[in-house]
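This briefing introduces a protein structure for a reader who is new to the subject. Please keep the sequence and the structure in view while working through the points that follow.

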Amino acid sequence: ALPFELWTHQAHVRVAFIYLQRYDFDQALDRIRAGIKAFNARHNVRENATSGYNGTTTHAFAHLIAATMQAYGKLVPVTDSQAFCDAHPQLMTRHALRLFYSPKCRMNPLAKTTFVSPDLAPLPRRK
């Protein structure tokens, strides 16, 4: 029901936060993936090397969000997705993955369909 122009990076983070609150990581990730793919299909988003769903980006951002929730949840408790985004501006740029991935690695054709591990630095630990 969300208009395409409102499907921003922050909207992605908010949805991931909600799923990660409700489900374990693998279940949340499955729901996030399915939701993004369905939303893209409903809005005729072109799938090519630089557009459309990227499995590595989705997995890595979900990982960062989960790690942030675990590391800061007791220090900065939040219950809603907007408060989480406000409390963690470091996640509010889609470029946050540049700390972990080179463009070559993240834009590799394999990265579109499956999770590719970072080539610059490991993702933070999550429980």
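**Charged pairs**

K112 forms a salt bridge with E47, and their closest N and O atoms are 3.5 Å apart. K112 belongs to helix α6 (residues 109-113) and E47 to the loop between α2 and α3, so this pair ties together parts that are 65 residues apart in sequence. The model discussed here is a predicted one.

- Side chains of opposite charge can pair when their charged atoms come close.
- The two partners differ in exposure: K112 counts as buried, at 12% relative accessibility, whereas E47 is partly exposed, with a relative accessible area of 48%.
- The count of salt bridges comes to two.
- The other pair joins D30 to R33, with 3.5 Å between the closest N and O atoms.
- D30 and R33 are three residues apart in helix α2, which means that about one helical turn separates them.
- An α-helix has 3.6 residues a turn, so residues three or four places apart point the same way.
- D30 counts as partly exposed because its relative accessibility is 45%, and R33 is also classed as partly exposed, at 25%.

**Helix α1 and its packing**

- Helix α1 covers residues 9-22, which makes 14 residues.
- At 1.5 Å a residue, this helix should span 20 Å, and its end C-alpha atoms are indeed 20 Å apart, so the two values agree.
- Which residues of α1 are buried? They are H9, A11, V13, A16, F17 and L20.
- These buried residues of α1 pack against three other helices, namely α2 (25-42), α3 (55-72) and α4 (81-87).

**T58 in helix α3**

- Helix α3 contains T58.
- T58 is buried because its relative accessible area is 12%, which is under the 20% cut-off for that class.
- Leaving aside residues up to four places away in sequence, T58 touches L29, I32, R33, I36 and Y53.
- One of these contacts, R33, is also the salt-bridge partner of D30.

**Exposed positions in loops**

- N44 is located in the loop between α2 and α3.
- The phi angle of N44 is near 55 degrees, which is a positive value in a residue other than glycine.
- Is N44 buried or exposed? N44 is exposed, since its relative accessible area is 66% and the exposed class begins over 50%.
- L75 is found in the loop between α3 and α4.
- With a relative accessible area of 67%, L75 is exposed.
- L75 joins Y72 and V76 in a nonpolar patch on the surface, and together these residues have about 290 Å² of accessible area.

**Cysteines**

- A disulfide is a covalent bond between the sulfur atoms of two cysteines.
- How many disulfides does the structure hold? The number is zero.
- C85 is buried, with a relative accessible area of 3%.
- C105 counts as buried as well, at 12% relative accessibility.

Methods
Residues numbered from 1 in each chain as written. Predicted model: local features only at pLDDT ≥ 70, side-chain atom pairs only at ≥ 80, totals over all residues. Heavy atoms only, no water. Helix = DSSP H or I, 4+ residues; strand = E, 2+ residues; numbered from the N terminus. Expected span 1.5 Å × (residues − 1). Buried < 20%, exposed > 50% of the residue type's maximum accessible area, 1.4 Å probe, protein only. Contact = heavy atoms within 4.5 Å. Patch = residues over 30% accessible without salt bridge, like charges linked within 9 Å, V, L, I, M, F, W, Y side chains within 5 Å. Areas by Shrake-Rupley, 256 points an atom, 1.4 Å probe, with all protein chains shown as cover. Salt bridge = Lys/Arg side-chain N within 4 Å of Asp/Glu carboxyl O. Disulfide = S-S within 2.5 Å.
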